[in-house]
Amino acid sequence: MNQKASEEMDAPFWYEELKSDLYRFARSISRHEQEADDLVQDAWVKALKEEDFSGWPVYKQRAWFYRVMKNRMIDERRKEKRLTVWEEDTVNAAEPLVGDDPVDAAELLSHLPGELSNIVFKRYWLGLNSREIGKQLGIPDATVRYKLQQAMKQLRKIMEA
């Protein structure tokens with residue numbers, strides 16, 4: 001029997017041996033149960049890709065899972081923080097547009113190319129976030145944020161002129 005097949009046969013044993021501890025730990029560090037389930041699932045996927053994992057003692061496997069889940073949680077929190085800060089900065093930059101007369105704002109948007117105007121409208125008038133806009137337009141949310149930033153630069157130039 002090859003090593004890959006051996007590891008796949010050991011996976012149910014790992015799962016039964018570690019399941020309750022892993023879920024308890026994940027729930028203790030996450031905000032809600034769904035997030036905890038995602039942490040555990042991501043860790044299991046990573047464990048199945050890890051070579052020689054089944055040869056490790058159970059205490060080492062448990063510690064490895066805890067470290068992987070904790071690091072994944074930290075990465076998620078950092079990502080959320082970056083997005084929140086970025087979106088707050090963008091909203092503050094657009095306040096003069098939102099607060100102005102809608103006719104003046106529409107005139108400003110008419111100076112932008114169609115796609116940029118659409119993105120600005122959806123973000124500041126409809127209140128959609130970059131993920132929602134990206135889904136509607138079929139582009140990544142990072143691209144939406146970049147294009148929004150470019151649109152704001154163009155609008156600032158127009159307002160200064």
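Buried means under 20% relative accessible area, exposed means over 50%, and partly exposed covers the range in between. These three terms are applied throughout the legends below to a predicted model.

**Figure 1. Overall fold of the predicted chain, built from 7 helices and 0 strands.** The elements follow one another as α-α-α-α-α-α-α from the N terminus. Of the 161 residues in the chain, 29% are buried. The structure holds 8 salt bridges, some of which are shown in later views.

**Figure 2. Positive surface patch formed by Arg 78, Lys 79, Arg 82, Arg 131 and Lys 135.** Two elements each give two or more residues to this patch, namely helix H3 (58-99) and helix H6 (130-137). The contribution of H3 is the greatest, at 3 residues. Lys 79 is placed in helix H3. Because its relative accessibility of 38% falls between the limits of 20% and 50%, Lys 79 counts as partly exposed.

**Figure 3. The largest nonpolar core, a set of 15 residues.** The residues with the most contacts inside this core are Leu 22, Ala 26, Trp 64, Phe 65 and Met 69. Helix H1 (3-29), helix H2 (33-49) and H3 are the elements that give two or more residues to the core. H2 gives the most, with 6 residues.

**Figure 4. Salt bridge between Arg 24 and Asp 21.** The side chains meet at an N to O distance of 3.1 Å. Arg 24 and Asp 21 are 3 residues apart in helix H1, so about one helical turn separates them. The two partners fall into separate accessibility classes: Arg 24 is exposed, with a relative accessible area of 51%, whereas Asp 21, at 17% relative accessibility, counts as buried. The value for Arg 24 lies over the 50% limit and is therefore classed as exposed. The value for Asp 21 lies under the 20% limit and is therefore classed as buried.

**Figure 5. Salt bridge between Arg 77 and Glu 35, linking helices H3 and H2.** The closest N and O atoms of Arg 77 and Glu 35 are 2.9 Å apart. This pair joins distant parts of the chain, with Arg 77 in helix H3 and Glu 35 in helix H2, 42 residues apart. Arg 77 is partly exposed, with a relative accessible area of 23%. Glu 35, at 14% relative accessibility, counts as buried because this value is under 20%.

**Figure 6. Salt bridge between Arg 72 and Glu 76 within helix H3.** The closest N and O atoms of this pair are 3.2 Å apart. Both residues lie in helix H3 with a spacing of 4 residues, about one turn of the helix. Arg 72 is partly exposed at 36% relative accessibility, and Glu 76 is also partly exposed, with a relative accessible area of 24%. Elsewhere, salt bridges with shared partners join Asp 21, Arg 24 and Arg 62 into one network.

**Figure 7. Nonpolar surface patch made by Phe 121, Trp 125 and Leu 126.** The patch has an area of about 280 Å². Trp 125 is placed in the loop between helix H5 (114-124) and H6. With a relative accessible area of 31%, Trp 125 is partly exposed. This value is over the 30% that a residue needs in order to belong to a patch, so Trp 125 satisfies that cut-off.

**Figure 8. Backbone of Asp 52 in the loop between H2 and H3.** Although Asp 52 is not a glycine, its phi is positive, at about 60 degrees. Asp 52 is partly exposed, with a relative accessible area of 44%.

**Figure 9. Asn 71 of helix H3 viewed together with Leu 39.** Asn 71 is found in helix H3 and counts as partly exposed at 36% relative accessibility. The C-alpha atoms of Asn 71 and Leu 39 are separated by 9.8 Å, and these residues are 32 residues apart along the chain.

Technical notes:
Residues are numbered from 1 along each chain as its sequence is written. This is a predicted model: local features need pLDDT of at least 70, side-chain atom pairs count only at pLDDT 80 or more; totals for chains, interfaces and linings use all residues. Side-chain values use heavy atoms; hydrogens and water are left out. Patches are made of residues with over 30% relative accessible area and no salt bridge: like charges are joined within 9 Å, nonpolar side chains (Val, Leu, Ile, Met, Phe, Trp, Tyr) within 5 Å. Accessible areas come from the Shrake-Rupley method with a 1.4 Å probe; for residues, only the protein chains shown count as cover. A salt bridge is a side-chain nitrogen of Lys or Arg within 4 Å of a carboxyl oxygen of Asp or Glu. Lys and Arg count as positive and Asp and Glu as negative; His and the chain ends are not counted. The place of a charge is taken as NZ of Lys, CZ of Arg, CG of Asp or CD of Glu. Buried means under 20% relative accessible area, exposed over 50%, partly exposed in between (1.4 Å probe, protein chains only). A nonpolar core is a set of buried Ala, Val, Leu, Ile, Met, Phe, Trp, Tyr and Cys residues joined through side-chain atoms within 4.5 Å.
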